[in-house]
Amino acid sequence: MPPTLYRDTGYTLRHLIENIDGGRIGLPDIQRPFVWSAAKTRDLFDSMYRGYPIGTLMFWETGAEVGTRQIGMEAGDRSPQLLVVDGQQRLTALFAVLTGRKIVTKSFEQINIRIAFRPEDQTFEVTDAAIERDAHFIPDITALWADGGYKPTIRQFFQRLEQAGGQSLSDADKDELEERIDRVRDLHEFRFQVVELGASADEEQVADVFVRINSEGVKLNQSDFILTLMSVHWEKGRRQLEDFSRAAVIAGLPGPSPRNAFVDPSPDQLLRVAVAVAFRRARLQHVYSILRGKDLDTGKVTAARRQEQFDRLAEAHTKVLDLTSWHEFFQCVTAAGFRSRKMITSANALLYSYTIWLIGRHDFGLTSDQLRPVIGRWFFMAHTTGRYSNSPESQMEFDLGRLGNLPQGDGRAFAAELDRIIAANFTGDYWDISLPNRLDTSSSRSPVLVAYLAALNILDAKMLFGDQRIRDLLDPSAKPAKTIERDNLFHRKTLAGLGINDRRQVNAIANMAYVTWPAHEKLNTDAPHDYWPRITDTMDPKVLERQVRWHALPVGWEQLDYPTFLERRRRLIAQVVREAFETLTGQRPTYVPTTPADMIAAGESQSTEFKASARWNVHTQQADKSLRHNIVKAVCGFLNGEGGNLFIGVADDATILGIENDLSTLESNASVDQYELFVRQLLDSSLSAPTAATVRIRFPEISGRVVCQISVAAAGKPVFAKPTKGGNDATDFWVRVGNATKQIHGDDLLHYQHEHWG
C-alpha cells in the first residue's frame, strides 16, 4: 500500500485567522489582486450562516522549520510552515472581512470588503450607499469581530431601527434579532475541513491532488509552484515582481515607472523571464526542484544549494526589473514599427524577446545601441511568424540552447546567430508564398496584418489620399477626436452587386486600407473603377506613386475582378513588409540566402526537419512503404504552420546519408526526376489540397551526397492528411510545433484554426 501523502484535519475560522496573522499559514494573496467579486464574498457568508458546506481547504507543508528566516530578509520575516494551495480566495475574503484588512482590486486599488447583514430576514448584501442609510441593516459586519465593537454595534443597530420605526422594540424582538446577530459573530467558530499534504509530496503530486479535489477544474502550473516557493523562502522577491506588475498598470505614479505602451506584465510572465535568464530554461518543469535545493542527479535537498540557486535567480531578477533595461528594450520594439499593445498579438514574443535582449546585454556585452537593430529584427520575425505561439516553452528552449553554444562575451557571434535564425525563417519562399497565403484572412488580430502595419510605420507611410502618417494614428499617446479605422477599397455594396456577401471575403485584409476619403467621397459606394480616377486625377503624380507603393495597389487594380485583386494585392503587401523589414538591417549587408548545408548544420527546429529516407528502411535494409507517411505528415505540418524545409537523406543528428538507397527502390529510371515525381504524387494523393503552388523540390549535393530538399510554404487554409491506416479521406491535422510535428484534434484544432487563419 503506497504511503499516504496527506492527513485530514479541521480548523475553526478563528484558528485560521490567528495562524494567518501569525505567519504560520502563508496567505500571500492578501497583498495581491483579489479576483472574487464582493457578491461572491457575500454568498460565502450566507452559505456559512445557513450551515452549508463551502468546500475543503488544502494546505501543503513547506518543510521549513519553525523560525526559519526567509532568504535576504530580517529576522522577523519567518517562513510559513503551511501554504494555502486550494482555498486562497475564500480565506482572503474571510480574513479581510473578519480583520478589516484592505484587499487589492484588479486595478490595484486598496479597498475594504464591506458586507451588510439584515437580521429581520437573515440576509447578507454587499454594502452600498442605500444600505448605509437603511436602518434595517448592520452595514458592515466587520464591526462584530472588532475589539470592543460587538456590543456598541448592536446598541447602534437597535437605536437606528427604533428611530426609523418611530417606536421602541419589545424585549422579545430584541432577543430574536440579537440571537441572529450572534449567529453571524459565531461564524468565527465555523469549522473547516482541511487536507494537509506533507512536505514529502512534490509539486506534481500536489498539482494532481489539487485538480482531483477542486470542483472548479482549475489547474496549477509550474509557475504557481515557483511563486509559492518564493512566498516561503523569498517573499521579498515575489513582492518585487508584483509591485513591478502593479506599477506597470497604475497611471500617474511619481518617479520612474514600468508603464509602457505594449504590455501589462504579470508576476508569472516576469518570473519566466528571470528563470530563462538565470537558468537558461523556458520549461519550468525542473526549476521548482532546483530552487528547492534539490540535486537532480542524487535527489538530495540541501539548504546551501537552495540558497545558491535563489541567489542566482535574484541576480537575474534584478536584471529583469531594471527600469533602464525594460524601457531600452521597448525602444527595439518601437524601432521595429510597433506602436502600441493593439499591435501585440503575442505577449510571449514580446517577453521572450526581452529575455534575449537581457542575455545579449549582460552575457555578450552588447550596448543598447548595438542591440536595438538586431533585437528589432528578431522581434519582428518572432511576432510575424508566431514563433512563440504554439509550444512556446519548447521553442524558447531551442533558442536558448543555440545561444548557449556561443562563446561567452562574443557579441558578434550573438548577433550573427540571431540573424541566421531570422534568415532561416524569412526565406524567399516565405516572402513569395507563405506570407501572401497567411494574408488570406479577415482577422484584425492576425500577426501578418500587424507586420504590414509595422512596415507602414517603418516606411513612414501616409494614409491613402491623405497627409496623415499612419504611425501617428497608431501612437497610443495621441487621442484623435475621431478614431480612424481601415476601410474597404471595394465597398460592401459593390461586392454585394457581384454576389459576394461573405463577411470574411468582404473584410479580407487585402480589401482594407487606411484611407482619408475626400469630403465629397465619404459616402460614396461606387466601384473602384468609378471613384479611383475621380480622386487621383487631381493628385501630384509623385505623391500618388508613393501611396500606391505603400498601400500595395496592383497596376490597374481598379479594373481587376475582385479575386484577382485580392491575390495580387496580397503579394504586393508581402513585398512592402519585406522592404520595410530589410530597412531594419541598418548598416549590415543584405542578407545572403541560407544554404541547405547551413540549414542542416543548424539542426532540426520549427522550420527544419530531417528524414533518413522515404522508401528505404535503414534499420531493416529493405524497401518500406510505411515510411512514406512520415513525409506526408511532415509536409502537412509545415503547410499548417509557418512553412519550412524537409530534408530527406539526413539523419536526426544531421549526418548526411543521401537518397541513393531510396533511388534504388524506384521501379524504373532511378533518377532525381523520377524521385520528384514520386514525391509529388505521394503528396497530391495523401493531402486535402494540391501542393504545386506551396511545395518546391530540389536536390542539393552536400558532402558528396545528394539529398532531397522539400521547401514548404505556409498554406492559406487548413490542410489535412490521410490517416496512416485505413480510410480514403484526408482527416488528420498535423502542425509543426517547435522541433516536432504534432497532431491536434477537436477544440484544440478549432482554436488553432481560428488563431492561425482567422
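Helix H3, residues 88–99 of this predicted model, lies across three strands: E3, E4 (82–86) and E9. Its direction makes an angle of about 115 degrees with E4. Another helix, H1 (residues 13–22), lies across E1, E2, E3 (57–61) and E9, and runs at about 100 degrees to E1.

The strands under discussion belong to an open sheet of 5 strands, in the order E1-E9-E3-E4-E2, with mixed pairing. Strands E1 (6–12) and E2 (25–26) stand at the edges with a single partner strand each, so one side of each has no neighbour in the sheet. For E1, pairing with E9 (residues 191–197) is antiparallel and runs over 7 bridges. If you would like a spot to look for, Thr-12 stands opposite Arg-191 in E9. A network of salt bridges also links Arg-7, Glu-61 and Glu-196.

Salt bridges are worth following further, since a search of the whole structure finds 43 of them. Side chains of opposite charge can pair when their charged atoms come close. Take Arg-280 and Asp-363, whose closest N and O atoms are 1.9 Å apart. Arg-280 lies in the loop between helices H10 (267–279) and H11 (287–292), and Asp-363 in the loop between H14 (347–362) and H15 (368–385), so this pair ties together parts that are 83 residues apart in sequence. Arg-280 is partly exposed at 27% relative accessible area, while Asp-363 is buried at 16%.

Other pairs sit within one helix. In H9 (residues 235–249), Arg-246 and Asp-243 are 3 residues apart, about one helical turn, and their closest N and O atoms are 2.7 Å apart. Here Arg-246 is buried and Asp-243 is partly exposed. In H15, Asp-369 and Arg-372 are likewise 3 residues apart, with a closest N to O distance of 3.1 Å. Asp-369 is exposed at 54% relative accessibility, and Arg-372 is partly exposed at 23%.

Now let us move along the chain to Ser-607, in the loop between helix H26 (596–602) and strand E12 (608–611). Ser-607 counts as buried, with 6% relative accessibility. Among the residues it touches are Ala-424, Asn-425 and Phe-638.

Our last stop is helix H29 (residues 672–686), whose end C-alpha atoms are 21 Å apart, in agreement with the span expected for its 15 residues. Which of its residues are buried? They are Tyr-675, Phe-678, Val-679, Leu-682, Leu-683 and Ser-686. These residues cover an arc of only 120 degrees around the axis, which puts them on the same side of H29. Their cover includes helices H27 (628–640) and H28 (660–664), along with strands E15 (644–648), E16 (695–698) and E19 (708–712).

Methods:
Residues numbered from 1 in each chain as written. Predicted model: local features only at pLDDT ≥ 70, side-chain atom pairs only at ≥ 80, totals over all residues. Heavy atoms only, no water. Pairing = 2+ DSSP bridges. Helix = DSSP H or I, 4+ residues; strand = E, 2+ residues; numbered from the N terminus. Contact = heavy atoms within 4.5 Å. Axes fitted to C-alpha atoms, helices over the stretch in contact; angles between N-to-C directions. Buried < 20%, exposed > 50% of the residue type's maximum accessible area, 1.4 Å probe, protein only. Expected span 1.5 Å × (residues − 1). Arc of directions from axis to C-beta. Salt bridge = Lys/Arg side-chain N within 4 Å of Asp/Glu carboxyl O. Lists of a residue's contacts leave out its neighbours within four places in sequence.
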